[in-house]
Number of protein chains: 2
Amino acid sequence: MEKIVTSHLDDCEWQQSEKHGKLRWKYLVDSTHFLSHGLSCGILNVPPGGELGLHHHSPQEIYLIRSGEGMLLLYEVETQKLKKDSIVYIPKNHPHGLRNTGSEPLEVMWIFPTDCWEEIQYIFES
Amino acid sequence: MEKIVTSHLDDCEWQQSEKHGKLRWKYLVDSTHFLSHGLSCGILNVPPGGELGLHHHSPQEIYLIRSGEGMLLLYEVETQKLKKDSIVYIPKNHPHGLRNTGSEPLEVMWIFPTDCWEEIQYIFES
């Protein structure tokens with residue numbers, strides 16, 4: 001049975017994988033870490049010069065920029081500047097990406113209406 | 001048709017109502033403000049000494065503490081301390097509340113898997 005769970009960003013471990021290069025992330029609310037469903041979120045850290053390439057996925061998503069400076073990559077339209085406290089709503093299947101254009105890490109909170117991040121199928125635009 | 005929407009916290013207006021006393025809030029992603037669905041979020045500002053009383057609602061919710069110090073109010077169990085970057089997962093229908101125990105505003109991001117905040121039916125524990 002699900003319970004109220006309180007945690008802290010500092011207590012969540014950074015994740016990394018070869019597939020995702022220098023990107024790092026933390027799972028904050030995610031059913032792979034404790035019993036939860038229907039909402040998940042985490043923190044993505046994009047190092048200076050790094051990017052999460054243009055991609056889309058079935059669920060809608062929200063980005064909240066926590067720190068750093070970057071660009072929201074978009075398909076066939078102008079990119080948009082992002083800074084601390086920028087918010088982005090991304091509808092289902094809309095191509096988007098992130099590029100760090102600053103000298104500090106770009107830290108972004110992602111939010112999905114899913115149980116966990118693992119179930120998101122990322123389809124990168126080639 | 002839904003589009004990608006980028007906004008900034010500073011451009012969202014504080015909301016207030018007599019019913020909610022000194023609490024103030026901003027809608028960040030909410031279908032009452034632009035076309036979106038299935039995810040909504042906003043910022044709640046609880047002034048020093050203020051609280052959002054113990055209540056429950058049907059959808060699950062996530063809190064992310066942005067600044068200040070407070071307590072998570074819980075039903076028949078101990079309260080829990082909250083500070084910047086605390087995260088709380090609240091399952092469906094679980095009673096919870098917030099109290100500012102510090103000298104600065106307690107600023108909390110709420111996240112729902114709903115189109116908008118308006119559709120949440122708050123049931124306060126008396």
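Here are some friendly notes on this predicted model, with its two chains and the salt bridges that run through and between them.

1. **How the copies are related.** Let me start with the overall arrangement. Chain B superposes on chain A after a rotation of 180° with 0.0 Å of shift along the axis, and the RMSD is 0.0 Å. The two copies are thus related as by a two-fold rotation axis. The same surface serves both of them, since 100% of the contact residues of chain B recur in chain A. If you want a landmark for the axis, look at Pro113(B): its C-alpha lies 2.8 Å away, which is the closest approach of any residue of chain B.

2. **The extent of the interface.** Each side brings its own residues to the contact: 45 from chain B and 45 from chain A. Between them the chains bury about 3500 Å², with 67% of that area on carbon and sulfur atoms. On the chain B side, the residues that lose the most area to chain A are Ile4(B), Ile87(B) and Tyr89(B), and together they account for 23% of what that side buries.

3. **Polar links across the interface.** Which kinds of polar link cross between the chains, and how many? The rule finds 20 residue pairs in polar contact across the interface, counting pairs with both residues at pLDDT 80 or more. It also finds two salt bridges between chain B and chain A.

4. **What the chain B side is made of.** Several strands of chain B each supply at least two residues to the side that touches chain A, among them S1 (5-8), S2 (24-29), S3 (40-46), S5 (61-67) and S10 (106-112). The largest share, five residues, comes from S8(B). Sorted by character, the residues on this side divide into 25 nonpolar, 12 polar and eight charged.

5. **The bridge from Asp85(B) to Arg66(A).** Now for the charged pairs themselves. Asp85(B) forms a salt bridge with Arg66(A), and the closest N and O atoms are 3.0 Å apart. Arg66(A) sits in strand S5 of chain A, residues 61-67. Is this arginine buried or exposed? Its relative accessibility is 16%, so Arg66(A) counts as buried, the cut-off being under 20%.

6. **The surroundings of Arg66(A).** Neighbours within four places in sequence aside, Arg66(A) has contacts in both chains. From its own chain these are Leu9(A), Ile43(A), Lys84(A), Glu107(A), Val108(A) and Met109(A). From the other chain they are Leu64(B) and Asp85(B).

7. **The counterpart bridge.** Asp85(A) and Arg66(B) also form a salt bridge, again with 3.0 Å between the closest N and O atoms. Asp85(A) lies in the loop between strands S7 (80-82) and S8 (86-90) of chain A, while Arg66(B) is in strand S5 of chain B, so the pair joins two chains. Both Asp85(A) and Arg66(B) are buried.

8. **Arg66(B) and Glu107(B).** Within chain B, Arg66(B) forms a salt bridge with Glu107(B), with the closest N and O atoms 2.9 Å apart. This pair links distant parts of the chain: Arg66(B) is in strand S5 and Glu107(B) in strand S10, 41 residues apart. Arg66(B) is buried at a relative accessible area of 17%, and Glu107(B) counts as buried at 15%. Salt bridges that share partners also join Arg66(A), Glu107(A) and Asp85(B) into one network.

9. **A closer look at Glu107(A).** This member of the network is located in strand S10 of chain A, residues 106-112. Glu107(A) is buried, with a relative accessible area of 16%. Beyond residues up to four places away in sequence, Glu107(A) touches Trp14(A), Ile43(A), Leu44(A), Asn45(A), Leu64(A), Ile65(A), Arg66(A) and Ser67(A). Take Ile65(A) as one of these: 42 residues separate it from Glu107(A) in sequence, yet their C-alpha atoms are 6.1 Å apart.

10. **A bridge with partly exposed partners.** Over all chains, a search of the whole structure finds six salt bridges. One to compare with the buried pairs joins the side chains of Glu51(B) and Arg99(B), at 2.7 Å from N to O. Here too distant parts of the chain are linked: Glu51(B) is in strand S4 (residues 51-56) and Arg99(B) in strand S9 (residues 96-100), 48 residues apart. Glu51(B) counts as partly exposed at 37% relative accessibility, and Arg99(B) as partly exposed at 34%.

How values were computed
Residues are numbered from 1 along each chain as its sequence is written. Chains are lettered from A and ligands numbered from 1 in the order in which they are written. This is a predicted model: local features need pLDDT of at least 70, side-chain atom pairs count only at pLDDT 80 or more; totals for chains, interfaces and linings use all residues. Side-chain values use heavy atoms; hydrogens and water are left out. Helices (H or I, at least four residues) and strands (E, at least two) are DSSP runs, numbered from the N terminus. Buried means under 20% relative accessible area, exposed over 50%, partly exposed in between (1.4 Å probe, protein chains only). Contact means heavy atoms within 4.5 Å. Copies are superposed by least squares on the C-alpha atoms of residues with pLDDT of at least 70 in both. Buried area is the accessible area (1.4 Å probe) that two parts lose on being put together, summed over both. A salt bridge is a side-chain nitrogen of Lys or Arg within 4 Å of a carboxyl oxygen of Asp or Glu. A polar contact is a pair of N or O atoms within 3.5 Å; within protein, one must be able to donate a hydrogen and the other to accept it, and residues adjacent in sequence count only if both atoms are side-chain atoms. Ala, Val, Leu, Ile, Met, Phe, Trp, Tyr, Cys and Pro count as nonpolar, Asp, Glu, Lys and Arg as charged, and the others, Gly among them, as polar.
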